[in-house]
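Visitor: Please take one part of this structure and go through it closely, and then set it in its wider surroundings.

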Amino acid sequence: MALSNTAAFLVFVVAASKSKAKHPPLAGAIGFVACGLIFLLGFLGSGNLPLLFLSGGCVGIGTTCCFICWETVLSRMDDHQRKPCILAGSTLSAASFAFLATADNSLTLFAIMLLAFGNIAMMHLCLRALPEKQEEHPFTLDAKSLKEYAGFLLCILAIGIISPVIDGTIPSESNNLIGRGFIVHGANVLSAVILGIAWFAFNKTITIKRAYYLVFPLFITALFLFPFVSDEMKQAASFAASFGFTFFSIVMMISCIEISEEKHGGLVGLYALFAFVTYASRFVGDGVSFVLGQSSIPNDTLPMAAAFLLVYLLSIVMFLVSRKPHHETTPLQLPDTQAKQPHRDIEDRAEKQCAILAEQYKLTERQHEILVLFSHGYDIPSIAKRLFISENTVRTHTKKLYLVLDVHSKQEIISLIEAVSLDPKA
């Protein structure tokens, strides 16, 4: 199933790069999931093992189509609808697993069929109810785009490799299917709780790189403790690895939509690329785990070897993604080549007024940066150069800024900033 998932995502990447995958594959989701369940019924009735493999392959392709359809549904929502839906979905997946784990075996297949087709029916209704977004630019897969996404893909690759390597060093008797299921879905719930707090309590935007910075200390701590704890406690390290993978999967879904909105297109191909790397990285981790298991390293020191290997990998990726171009400056620092700056006191006043507005309207960090640059007289092309992003990206952020501040022009923004009082008694 995992292999067919990975292969299907790769097919969507190639198809999208050739402009052959622009729409959500709802028909594919229905057809492949139905075929998978039919083959599963055949296996249960005859015990024919090839039918089980066919079932897994069809369900894998069908769930890939479902993932892409749900990503399309989420992209049609606004930010205030999208994030609660993702958090609810992560939590409900854990509830459905708990039901399947405790239900009578005779009801399991019926419950799986009910969940599968209930999911497809809800997806169909959402696609019909939500207005379609027009994509101005197709997805392109070339050296330039891969270089642009390299930092994100490196983070995903590193996290995806970790979980299988850690699981490969846990004694097999403690690694049963039900136990693994509770670890995975418990990580789902924890990821939803942490993202919910970040999004709604602190109004923070969590990007893929920022997520990596957040889980890096957790992983380093878990991996250093991993060789020195009992076999039962190793499950905690396995949970940390599963949490990181799940956390990144959720953040990846949001990030793909945000990147697609900035570029005005290419969502199916972009999401398929990121998801392909996510799933393929687990196969790389399985390969590393197999090599370690077949090596001459004694079993009692294998966890230590795995831990130090993963710490080395994590640290290299952290170094690569945290590097900044030598010419990069902070967003609010004006370079010497700019025209004569306004008086420092005026700048300080404008920045304080912008900070008050950012707090009052709960602006994101990027919206706050653009607001400050508007107050300093920058236009869209100069803001794009200052922040090292495209003009289309600036326009996207500006539209959202207009919507949040309820204004319709740059002049109205300036007037709004100037109207902010710095008098603490006001």
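Guide: What follows is a close look at helix α13, its partners and its flanking loops, and after that a few places elsewhere in the chain. The model is predicted, and local features are therefore considered only at a pLDDT of at least 70 and side-chain atom pairs only at pLDDT 80 or more, while totals for chains, interfaces and linings use all residues. Residues are numbered from 1 along each chain as its sequence is written, and side-chain values use heavy atoms, with hydrogens and water left out.

The protein has 16 helices and 0 strands, where helices (H or I, at least four residues) and strands (E, at least two) are DSSP runs numbered from the N terminus. Of its 426 residues, 43% count as buried, a term that stands for under 20% relative accessible area, with exposed meaning over 50% and partly exposed in between (1.4 Å probe, protein chains only). Contact means heavy atoms within 4.5 Å, and among contacts between residues at least 6 apart in sequence, 80% join residues at least 24 apart.

Helix α13 spans residues 365-375, and its buried residues are Q367, E369, I370, L371, V372, L373 and F374. The loop between α12 (344-361) and α13 holds K362, which has a positive phi of about 55° although it is not a glycine; K362 is exposed, with a relative accessible area of 51%. On the other side, α13 is followed by G377, whose phi is also positive, near 95°.

One partner of α13 is helix α15 (residues 391-405), and the two axes come within 10 Å and cross at roughly 90°. Such axes are lines fitted to C-alpha atoms, for helices over the stretch in contact, and the angles run from 0 to 180 degrees between N-to-C directions. The crossing makes α13 roughly perpendicular to α15, on a scale where under 35 degrees is roughly parallel, over 145 roughly antiparallel, 65 to 115 roughly perpendicular and the rest oblique. From α13 the contact draws on R366, Q367, I370, L371 and F374, and from α15 on V394, H397, T398, K400, L401 and L405. These residues of the contact of α13 with α15 divide into 6 nonpolar, 3 polar and 2 charged; Ala, Val, Leu, Ile, Met, Phe, Trp, Tyr, Cys and Pro count as nonpolar, Asp, Glu, Lys and Arg as charged, and the others, Gly among them, as polar.

Helix α16 (residues 410-418) is another partner, packing on α13 at an angle of about 90° with the axes 10 Å apart, which makes α13 roughly perpendicular to α16 as well. Here L371, F374 and S375 of α13 meet K410, I413, I414 and I417 of α16, and the residues of this contact divide into 5 nonpolar, 1 polar and 1 charged. L371 and F374 thus take part in the contact with α15 and in the contact with α16. The loop between α15 and α16 contains D406, a residue other than glycine whose phi is positive, near 60°, and D406 is exposed, with a relative accessible area of 61%.

Elsewhere in the chain, aromatic rings offer another set of local details. The structure holds 9 aromatic pairs, a pair being rings of Phe, Tyr and Trp (its six-membered ring) whose centres lie within 6.5 Å, with planes under 30 degrees apart called stacked, over 60 edge-to-face and the rest tilted. F152 and F274 form a tilted pair, with 6.2 Å centre to centre and 45° between the planes. F152 lies in helix α6 and F274 in helix α10 (residues 267-294), so this pair ties together parts that are 122 residues apart in sequence; F274 is buried, with a relative accessible area of 0%. W199 and F200 form an edge-to-face pair, with 6.5 Å centre to centre and 85° between the planes, and W199 counts as buried at 6% relative accessibility.

That second pair has a neighbour in K83, which sits in helix α4 (residues 79-102) and, leaving out residues up to four places away in sequence, touches W199, F200 and I254. K83 itself counts as buried, at 9% relative accessibility. L190 in helix α7 (residues 177-201) is instead partly exposed, with a relative accessible area of 31%, and beyond its neighbours within four places in sequence it is in contact with F239 and F243.
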